[in-house]
Amino acid sequence: MTKRFVKVYPRFERLWHWMQVLLIMALLFTGLGLNGVHSVIPFGPAVMLHTIAALALLTLWIFATFWLFTTGTWKQFIPKIEGMIEVAKFYAYGVFSGQEHPYKKIFWRKHNPLQAATYFGLKWFVFPAIWVSGVLYLTYNFWGQGAQIITIVANIHLLAAYVIAAFVIVHVYLLTVGHGFRSHVRPMLTGYDEVDLTPEQLAYLEQNEPDRLLPAE
Amino acid sequence: MGIIRLFALAAGLGVAMPLGALAQQSTPEPSLQSTADHSKFEILNKPFASGPEVTEACLSCHNQADDQVKMHSIHFDWDYEHPETGQKLGKRNVINSFCGSVAGNEPRCTSCHAGYGWTDMNQPPPQEANAVDCLVCHDRSANYTKLATGAGHPPMEAKGTTITGAKAWAVDLTKAAQSVGMPGRDNCGNCHFYGGGGDNVKHGDLSSALYNPSHDVDVHMSAKEDGGEGMTCSTCHASEEHAWAGSRYNVEAADTTGTGKPGEHRYSASCQSCHGTEPHPVTLKGVKLNDHTDKLACQTCHIPSFARGGVPTKTLWDWSTAGKLDKDGKPISEDGFVSSTGKHLHTYLSTKGNFEYGEDVTPYYAWFDGQVEYSTIDRKIDPTQTVEVNSINGHPGQPDSRIWPFKRMEGRQAYDVENKNLVYTHVWGPKTDTAFWTNFDWAKAIDAGMKAAKQPYSGKFDFVDTYMYWPITHMVAPSEQAVECEECHAKDGRMQNIAGIFMPGTDTNSWIGILGKLLVLGALAGVLMHGALRLFTGKKGTHHD
């Protein structure tokens, strides 16, 4: 096995990620304002910002979904039970005794099993909940009547938003675990991460996709 | 339609489309260029000794006019049978929380009658052709007026006061007759701005400020040079044979018809009859604002407050304290309120009791389907509660109901303790020995009032707290001064008493809100503890090389 820096996050995926960061932050901030948690931005402008950011995020997600399926990257997000317990154990107590993270990022699998399961839950339940409820909320007047149904829609939207906020907190915190914050953020900026390559994988990359490999140190 | 609006939502993403929602239509102004110059008619070129004489001259050409006014106009009948409730309304029948009732006080109250000589509410108004007052609406000389106590007749000598409270002058009827034209604001305002006995006392949104309002007081009636439209009352209150659109008993609370076909006669005084049913531009914001029109009346956002322009409105009238006299037995008065223009207003009068006033008053909001019921003599009241002199109907979810702004007048007025109804009161005599304003004796005044109205009375009276609701629809502000979103979409916002609507931003601590906050706090606490443990154990987990 050889450790090499390999491009694991292509340009679109990085753009997707950071656009998503920007838009989700904007949505959380304006959304909390609309819910009455703060009043930093007046209600009217907050509605406009929230709506524009939401429509932009939906557009981004349409592109991302297309990208995931055409490139086969969707497989990265299918969770596997195998190894998940080890990762959970590591975060629960191994990390305190200086153990190594049990998951080694490998060439064809950039998420550890717990990560993959989390993203699976986000992508299949929480994100659909927020955008379906959000679109229903936005277009309520075209289909809805009465205060009850919109209350349900709004509460689903609100709960999903809080789940995403909790995810963001844990997500950012976990960047500090292991190799540290900077080394965790760097791959999402540059695209390259250190990966254990088998001789066959290395040979394949050198032969067919040399651009994905950084020169060995 | 839904598809088109959905498309509009998508198309309007932040881009204002040039397609304005305000329908392009010429607004007919009162015609200043009649084909007739009335000063050249021989029949008007002579001295007139009375109002009815002028009317006769008018009718010699306008031979259907008296019939139209008498048959169709509530301005003449003061009588209205509500088509939904069957209640007998109109000034002839209702009791209000201001001067009480017309019955028993006729020549004072009928000074604003659009006719001459109505002195008994038990009779219909005089039916002679010349009993119609043409000049009160059509005089354009500003010279005509009506005497405050003359049952509709104009002052023929400089004695007494006019209906606006001004010192009376000898009206030049010839000059008035030769000046006639379509009604201006003064024709309507001289009565309607002074309802309840003084400037803006009654309505709150109809005051002398509207004779010549600035643009921020009224976008429609302000002068064109000031950015307004220069409209008169009848620009909106379209007429049909001397009957006008707009009613306070049977309001068109939700106009879903809109502008109608090009050139079609407008029978409605609603906002939508000019502005259409989707009045905001097709932008992201405009579409969201149009979304509100199924719940809100236009007035709710576009009239942020009433009694603007420096003329206060009476907000409380407590009749129960009236009648206090000084040690010499003379009536007393207090001037405890100063308006923004420095005018001192009575806060106590022996004749009328205690008053409170307001300027720039935030309206009271309620669901309203346009139907108004009155606690007139045919309705029993519950004196243990605040009595609604008029109750406004309307419910959330009803297609014809909208949330409307109101002036909610607070009152305290007399009722019959045994029969449990509000009473008619004889306040203006002035020379009778029963009139309250001369004798300060409620027992006599109520007895006389009930007799005048020919209603049964137990002889026992007390006072009860009342509310009276006045729909607010005038004094539309410029759009930039419309009620901001956050004034309603907030805890304790303007709509806090409104049931049946879901209002984002008003309840951040619903149980889902609390659950969500706990979730976020839990995540924060979790990572902080996890991080602290890592620091404490000295293992940051940052190395394994």
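Helices and strands here are DSSP runs, numbered from the N terminus. With that in hand, let us walk through this predicted model, starting with one residue of chain B. B:A322 sits in a loop of chain B, the one that links strand 5 (313-318) to strand 6 (333-334).

Is B:A322 buried or exposed? Buried means under 20% relative accessible area, and B:A322 counts as buried because its relative accessibility is 10%. Look next at what surrounds it. Setting aside neighbours within four places in sequence, B:A322 touches a run of residues made up of B:Y348, B:L349, B:S350, B:T351, B:K352 and B:G353, and also B:F436 and B:W442. You can also follow its C-alpha atom to that of B:N354: the two residues are 32 apart along the chain, and 7.2 Å separates the atoms.

Now move to a second residue of chain B, this time in a strand. B:M409 belongs to strand 15, which runs over residues 402-416 of chain B. B:M409 has 0% relative accessibility, so this residue counts as buried. Which residues does B:M409 contact, leaving aside neighbours within four places in sequence? They come from several parts of chain B: B:S97 and B:F98, then B:K314, B:T315, B:L316 and B:W317, and finally B:T466, B:Y467, B:M468 and B:W470. For one of these partners there is a distance to check on screen: the C-alpha atoms of B:M409 and B:T315 are 5.1 Å apart, although 94 residues separate the two in sequence.

Some of these names come back when we turn to enclosed space. The model has two cavities of 30 Å³ or more, and the largest has a volume of about 90 Å³. Its lining includes the run B:I95, B:N96, B:S97, B:F98, B:C99 and B:G100, together with B:W319, B:Q413, B:A414, B:V423, B:T425 and B:W442. B:S97 and B:F98, both in that lining, are also contacts of B:M409. B:W442, another lining residue, is a contact of B:A322. What is the chemical make-up of the lining of the largest cavity? Seven of its residues are nonpolar and five are polar, with no charged residue.

Further along chain B there is a helical stretch. An unreviewed UniProt entry annotates residues 511-533 of chain B as "transmembrane region". In the model, this span is 100% helix and 0% strand, with its end C-alpha atoms 32 Å apart.

Chain A carries this annotation too: its unreviewed UniProt entry lists "transmembrane region" for residues 21-41, 47-70, 124-143 and 149-176. Two of these spans are worth tracing. Residues 124-143 of chain A are 95% helix and 0% strand, and 25 Å lies between the end C-alpha atoms. Residues 149-176 of chain A are 93% helix and 0% strand, and there the end C-alpha atoms are 42 Å apart.

Stepping back, chain A has eight helices and two strands, arranged along the sequence as β-α-α-α-α-α-α-α-β-α. Its C-alpha trace spans about 65 × 40 × 30 Å along the principal axes. Of the 217 residues in chain A, 42% are buried. Among contacts in chain A with a separation of 6 or more, 71% join residues 24 or more positions apart.

Finally, a word on confidence. Chain A has a mean pLDDT of 87, and 96% of its residues reach 70 or more. Among its elements, helix 1 (residues 11-34) has the highest mean pLDDT, 95, and helix 3 (residues 84-92) the lowest, 76. Where pLDDT is low, the predicted coordinates should not be read in detail.

How values were computed. Residues are numbered from 1 along each chain as its sequence is written. Chains are lettered from A and ligands numbered from 1 in the order in which they are written. This is a predicted model: local features need pLDDT of at least 70, side-chain atom pairs count only at pLDDT 80 or more; totals for chains, interfaces and linings use all residues. Side-chain values use heavy atoms; hydrogens and water are left out. pLDDT is the predictor's confidence in each residue, from 0 to 100. Helices (H or I, at least four residues) and strands (E, at least two) are DSSP runs, numbered from the N terminus. Buried means under 20% relative accessible area, exposed over 50%, partly exposed in between (1.4 Å probe, protein chains only). Contact means heavy atoms within 4.5 Å. UniProt positions are given in the numbering used here, feature names are shortened, and annotations may be inferred rather than shown by experiment. On a 1 Å grid over the protein atoms alone, a cavity is a set of points where a 1.4 Å probe fits but cannot get out, and a pocket is an open set with protein on both sides within 12 Å along at least five of seven lines; lining residues have an atom within 4 Å of a point. Grid points are joined across faces, edges and corners, and a volume is the space filled by probe spheres set on the points. Ala, Val, Leu, Ile, Met, Phe, Trp, Tyr, Cys and Pro count as nonpolar, Asp, Glu, Lys and Arg as charged, and the others, Gly among them, as polar.
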